Amino acid sequence: MLEIISGTAVKKLDTDFIAEKGITSHRLMENAAQAFCDWFESNYHRNDKVGIFCGPGNNGGDGLAIGRLLWRKGYDVIVFLLGEEGKVSADCRLNRELLPDKLPAISMSADDIAHMEFDLDVVIDAILGVGVNRPLGGDFLGMITKLNALTHVSRVAVDIPTGVPSDECLEGDAFKADITVSFQYPKFSLMFPEHAGYVGILHVVSIGIGNKFMRQFSQNKFYLQLKDVVSRHLNFSRFAHKGDFGRVLLVGGSYGSIGAIRMCAEASLRTGSGLAACLVPTCGVQVLQVGLPEVQVISSNSDRSLSLAYPKEGLDRYDAAGIGPGMGTTADAKEFLLDFIKTFKGPKVLDADAINILAQDKEMQEYLGEEDVLTPHVKEFERLVGGCQNHKQRLAKAREYSRQYGCVLVLKGAHTCISFPDGTQYFNSSGNKHMATGGAGDVLTGMITSFLGQGYGVKNAVLCGVYQHGLAGEIASEDKRRGTIASDIIKAIPKSYLALDVD
Ligand SMILES: NC(=O)C1=CN([C@@H]2O[C@H](COP(=O)(O)OP(=O)(O)OC[C@H]3O[C@@H](n4cnc5c(N)ncnc54)[C@H](OP(=O)(O)O)[C@@H]3O)[C@@H](O)[C@H]2O)[C@@H](O)CC1
Ligand SMILES: Nc1ncnc2c1ncn2[C@@H]1O[C@H](COP(=O)(O)OP(=O)(O)O)[C@@H](O)[C@H]1O
Ligand SMILES: [K+]
C-alpha cells in the first residue's frame, strides 16, 4: 500500500534511494519527468501549445526535463525560467544545459512577469515543489497570480501546486491547478479540503521507488487504492447459503426520514448481505415492506421515533448492525440508542444521528469497542470532538479519538480518512464530487455493515466498504455527472464488483 510520507523527508528519501540503487539524482529526475510525460501524452494533443514554468529547484528541474521530453515527442513547447541564478540546484542546472537549442526558453525578469501576455493551451507549473518553505511573495507570487487569471487554459501542477506546503495548510496564495500529478505518493496536504481549489484532480504516478523502500519513512499514513482492496475480499464457495453472506440489522428512520434507512438496507443487500432486516418506528413498516420487499421489517412498537419499547429478543441473530440513518435525536431515540448499544453484542456502524446523540451524551462513548465503526462527516465529527482550526488538526483529533475509544473512525469527505486504534490512517482515493448528494452517507453505512456481517473483520470491512463506495459513486456518475443521486450509487454497487473483479 502506498505510504504518505512527510514532504520534508523527500530529500532524505531521494539521497538514500539513489545511494542504494547506485543511480544518479539526475536519473531519478528523468524517471519522474518520464512518468509525467507518459501521463501527459494520454491526455493532451500534440498541437496544444504547452508553456512550462520552471523554478530554480528540483521541481524546476523536473519541468525542464519534461519540456525536453515533450518537445522530442513533437509537442509545441515553450519553457519559462524563473528564480535567482544563485539558487539554481545542480540537477536543475544540468537540465537547463540539456535543453535542445531549438526549444524556446525565456528567462523571466520581474518586468516580463508583470507585462508578458501568454497564448497557451496548457500551463505546466514546475515553479516550486515540496521545497516551498514560506508563503509566496515577490516574483513567484506575481507569476502564479498571472497564471491563475488566464482563461481557457488547462493548468497542471508538477508534484504539488506551487505555494502549497506539503504537510501544512496554505497561508497566502498558490497555483490553482486543474490537475496535480504527484510523484510516487500523494503529499499529505493534498488530502486537505482547504486545498481543493489548488489541487484539482489528483493523479499519482510512480517514479520507481518501491514501497519497501518507502516504509522506512512511514508515518502510518496510507493511500487506499483499488489494488489494496481486491485481496481483502472474502471468497464464498459454490455451496454458500444466505447465512454465510451474513445477516445484518439496519436501525434508524423516523417520521419523514424513512428513506435513509431504506437506502442503507438496500445498499447492504447490493453489497451482498444474505439477509437484511430493518428496525424502524411503526410509521416506517409499511413503507419499507412495499418499497423494499427483500428486507424483513421489525417495528420498534413506537409510532414516529425509535424507543425503548423495541423487541429485544433475537438480536443475537444478526452478525452486524448499522445504526443511525434518519433516526432523529428525540429523547426516545436517545434512550433507545443507549439501550441498543448495551444490548447488541455484534460489530456495529454508528452513523448520522447515532453520532449526534453520542456527541450530546458523551458517556455513551464508553460502550464503543474495537469492532465498532463511527462514520461522521466533518460537522458530525466536530460535534463529537469540538471545533477544529483546520483539516490537519481534524485528522490529528480523528487519530486520537480512535486511540482513546478503541474504535474505528471514518471521517468522511473527498479523501475519507479511516483511523484505526493502532494509530494508522488510510486516505481513500476513490469517489468524486458527484457523490456530494443527500443519502450517500447512508449508502456507505449499509456497505460497511454488510461487509462486517459477511465476516470480513473490522479492518477489511471498512477499507473495502469505503473504497468500493467511492468506486460505485464514480461508476454511477459516469453518465449522470451532477444528476447522480444516492440511489444511483446503490444501483452501481454490482458494477463495482465487476470493476474489482470480485465474484
Ligand atoms: N524524491 C522525490 O520524490 C523526487 C523529487 N523530485 C522533485 O523535487 C522537488 C523538490 O525539489 P527541491 O527540494 O529542490 O525544492 P523546490 O520545491 O524545487 O524548491 C526549492 C527552491 O525554492 C526556494 N523557495 C522555497 N520557498 C520559497 C518561496 N516561498 N518563495 C521563493 N522561493 C522559495 C528555495 O530557496 P530558498 O529561498 O528557500 O533558499 C529553493 O531554491 C519535488 O517537489 C519534485 O518535484 C523529483 O525530481 C524526483 C525525485
Ligand atoms: N467530493 C467528494 N468526493 C468523494 N466523495 C465524496 C465527496 N463528497 C461526498 N463524498 C462522499 O459521500 C458521502 C456523503 O456522506 P454524508 O455527508 O454523510 O451524506 P448524507 O448525510 O447525506 O448521507 C461520504 O461517504 C463522502 O465521503
Ligand atoms: K509545482
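**Two ligand shells, two sheets and a shared core**

Colleague: How many residues surround ligand 1, and which are the closest?

Modeller: The count is 32 residues, and the closest are Gly57, Asn58, Asn59, Gly129 and Gly131. Helices H1 (10–21), H2 (25–41) and H3 (58–72) are the elements that give two or more residues to this shell. H3 gives the most, with five residues. Please keep in mind that this is a predicted model.

Colleague: What makes a residue part of a ligand's shell?

Modeller: The test is distance: the C-beta atom, placed from the backbone, has to lie within 6 Å of the molecule. For ligand 2, 19 residues surround it, with His377, Gly431, Ala436, Ala440 and Gly441 the closest. Helix H16 (440–453) and helix H17 each supply at least two residues of that shell, and the largest share, four residues, comes from H16.

Colleague: H16 also holds Phe451. Why is Phe451 called buried?

Modeller: A residue needs 20 or more other C-beta atoms within 10 Å of its own to be called buried. Phe451 has 30 such neighbours, so it counts as buried. Setting aside residues within four places in sequence, its contacts are Thr271, Tyr456, Ala461, Cys464 and Gly465. Phe451 and Ser268 are 183 residues apart in sequence, yet their C-alpha atoms are 8.2 Å apart in space.

Colleague: What about Ser305: where is it found, and why does it count as buried?

Modeller: Ser305 is in the loop between E12 and E13. With 23 C-beta neighbours inside 10 Å, set against the cut-off of 20, Ser305 counts as buried. Leaving out residues up to four places away in sequence, Ser305 touches Ser254, Pro281, Gly328, Thr330, Asp332 and Ala333. Ser305 and Leu82, by contrast, are 64 Å apart, C-alpha to C-alpha, with their places 223 residues apart in sequence.

Colleague: What makes helix H13 mostly covered?

Modeller: Seven of the nine residues of H13 (352–360) are buried. These are Ala352, Asp353, Ala354, Ile355, Asn356, Ile357 and Leu358. The buried residues pack against several elements, including E13, helix H12 (331–343), helix H14 (378–385) and H16.

Colleague: Why are E1 and E12 said to stand at the edges of their sheet?

Modeller: That open sheet has 11 strands in the order E1-E9-E18-E17-E16-E15-E14-E13-E10-E11-E12, and its pairing is mixed. Strand E1 (2–3) and strand E12 (296–299) each have a single partner strand, so one side of each is left without a neighbour in the sheet.

Colleague: How do you know that E16 and E17 pair?

Modeller: Pairing takes at least two bridges between two strands. Three bridges join E16 (408–411) to E17 (417–419), so the test is passed, and the two run antiparallel. Val410 stands opposite Ile418 in E17. Elsewhere in this sheet, helix H10 (258–271) lies across strands E10 (247–251), E11 (275–280) and E13 (320–323), running at about 165° to E11.

Colleague: What is the strand order of the seven-strand sheet, and how does its pairing run?

Modeller: The order is E4-E3-E2-E5-E6-E7-E8, and the pairing is parallel. Strands E4 (105–107) and E8 (201–205) have a single partner strand each, so they stand at the edges. On average, neighbouring strands are turned by 20° against each other, direction ignored. As one example of pairing, three bridges join E6 (154–158) to E7 (179–183), and Val156 stands opposite Ile179 in E7.

Colleague: Which domains does the chain have, and how do you know where the largest nonpolar core lies?

Modeller: The domain assignment gives domain 1 (2–219) and domain 2 (244–500). Their C-alpha centres lie 40 Å apart, and eight residues of domain 1 are in contact with seven of domain 2. The largest nonpolar core has 147 residues, among which Ile52, Phe53, Ile66, Ile124 and Val462 touch the most other members. Both domains give residues to this core, so it lies between them. Helix H17 (458–477) provides the largest share, 11 residues.

Colleague: And what does Ile124 touch?

Modeller: Not counting residues up to four places away in sequence, Ile124 touches Val50, Gly51, Ile52, Phe53, Gly63, Ile66, Val156 and Val158.

How values were computed: Residues are numbered from 1 along each chain as its sequence is written. Chains are lettered from A and ligands numbered from 1 in the order in which they are written. This is a predicted model: local features need pLDDT of at least 70, side-chain atom pairs count only at pLDDT 80 or more; totals for chains, interfaces and linings use all residues. Two residues are in contact if their C-beta atoms, placed from the backbone, lie within 7 Å. Axes are lines fitted to C-alpha atoms, for helices over the stretch in contact, and angles run from 0 to 180 degrees between N-to-C directions. A nonpolar core is a set of buried Ala, Val, Leu, Ile, Met, Phe, Trp, Tyr and Cys residues joined through C-beta atoms within 7 Å. A residue is buried if 20 or more other C-beta atoms lie within 10 Å of its own, exposed if 12 or fewer, and partly exposed in between; C-beta atoms are placed from the backbone. Domain bounds come from an automatic or database domain assignment.
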